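Subject: Structure for you to look over

Hello,

I am passing on the structure we spoke about. My notes on a pocket and on one helix come after it.

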Amino acid sequence: MDDNYELFKKDVYSLTKIDLNAYKERQMKRRIDTLITKHNYKTYSDFVGGLKTNKDLFKEFVNYLTINVSEFYRNPEQWKYLEEKVIPDLISKFGHGIKIWSAACSTGDEPYSLVMLLSKFLPLNQINILATDIDDQVIAKAKTGIYKSQSISALPEEFKKKYFTEIAPDAFQISEDIKRCVTFKKHNLLKDDYPRDYHMIVCRNVLIYFTDEAKQEIYKKYHNSLVKDGVLFVGSTEQITNYRDLDFSSPKSFFYVKN
């Protein structure tokens, strides 16, 4: 492998608008080197040439960079707190039209989980989740709404029975009623403008891959996106240690309320 990784990062940004400077370098470089070796390229510049001419390689690369690991109701105890405390509080403060953004939503497991949970409090026609991701492929997969049993294993049985149909061995289709409640859009957390006036933002198990500087910038933007008393819900490896400096309070680990 040639050692001009700095030039490679610039080339990747011009091709994908993904800024590799915002990711932890050792971890990301190791992942990229593995992919380049797998496809038998010898240098970064050769690989960039391949990205420009091979559409399938380009799609695989973007998918590989964006590290898509997701499942329904990941960390069920946190979803229990969401159900018992967070959602009731938001509805009592802001009414039935609460706005929720599922950022870096991957294959849709999280926004669809949110819809199912909200259905215990609101009719489906009053629920609309914004779900965004940088990767077109995972958004396309999310829109199809077909999942393996492993993805839905942590879901409460009531939701599995009510909202999923087994359409083939180990292939479960989510109901159209749930899909209609989610609006999927492409969004780059590092580059694009953030939506405003949200009552809750869910962004879990994504920022662990970013540098501390990039994380702080994103947390500030999330703070600006939330209304006062809005809630940021992060992943179980992503506690924000300086949340007070960012003008959040934290009633419970992984949940941050805008002051």
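Helix H4 makes the biggest contribution to the lining of the largest pocket, namely three residues. Please keep in mind that this is a predicted model.

The pocket

The volume of the largest pocket comes to about 240 Å³. Its lining consists of 15 residues, and those nearest the centre are Thr16, Val62, Ile134, Asp136 and Lys186. Sorted by class, seven residues of the lining are charged, four are polar and four are nonpolar. H7 also takes part: both H4 and H7 supply at least two residues of the lining.

Helix H7

H7 spans residues 136-144, and three of its residues, Val138, Ile139 and Ala142, are buried. These three lie on the same side of H7, because the arc they cover around the axis is only 105 degrees.

What do the buried residues of H7 pack against? Two helices are involved, H4 (55-65) and H6 (109-118), together with the strands S2 (129-133), S3 (146-147) and S6 (182-186). H4 therefore turns up twice in these notes, as a packing partner of the buried residues of H7 and as a contributor to the pocket lining.

The two ends of H7 can be described briefly. At its start, the backbone nitrogen of Gln137 has a side-chain oxygen of Asp135 within 2.9 Å. After the helix comes Gly145, with a positive phi near 70 degrees.

Regards

Definitions and conventions:
Residues numbered from 1 in each chain as written. Predicted model: local features only at pLDDT ≥ 70, side-chain atom pairs only at ≥ 80, totals over all residues. Heavy atoms only, no water. Buried < 20%, exposed > 50% of the residue type's maximum accessible area, 1.4 Å probe, protein only. Helix = DSSP H or I, 4+ residues; strand = E, 2+ residues; numbered from the N terminus. Arc of directions from axis to C-beta. Contact = heavy atoms within 4.5 Å. Polar contact = N/O pair within 3.5 Å; in protein donor to acceptor, adjacent residues only side chain to side chain. 1 Å grid on protein atoms, 1.4 Å probe; cavity = no way out; pocket = protein on both sides within 12 Å on 5 of 7 lines; lining within 4 Å. Points joined across faces, edges and corners; volume = space filled by probe spheres on them. Nonpolar A, V, L, I, M, F, W, Y, C, P; charged D, E, K, R; others polar.
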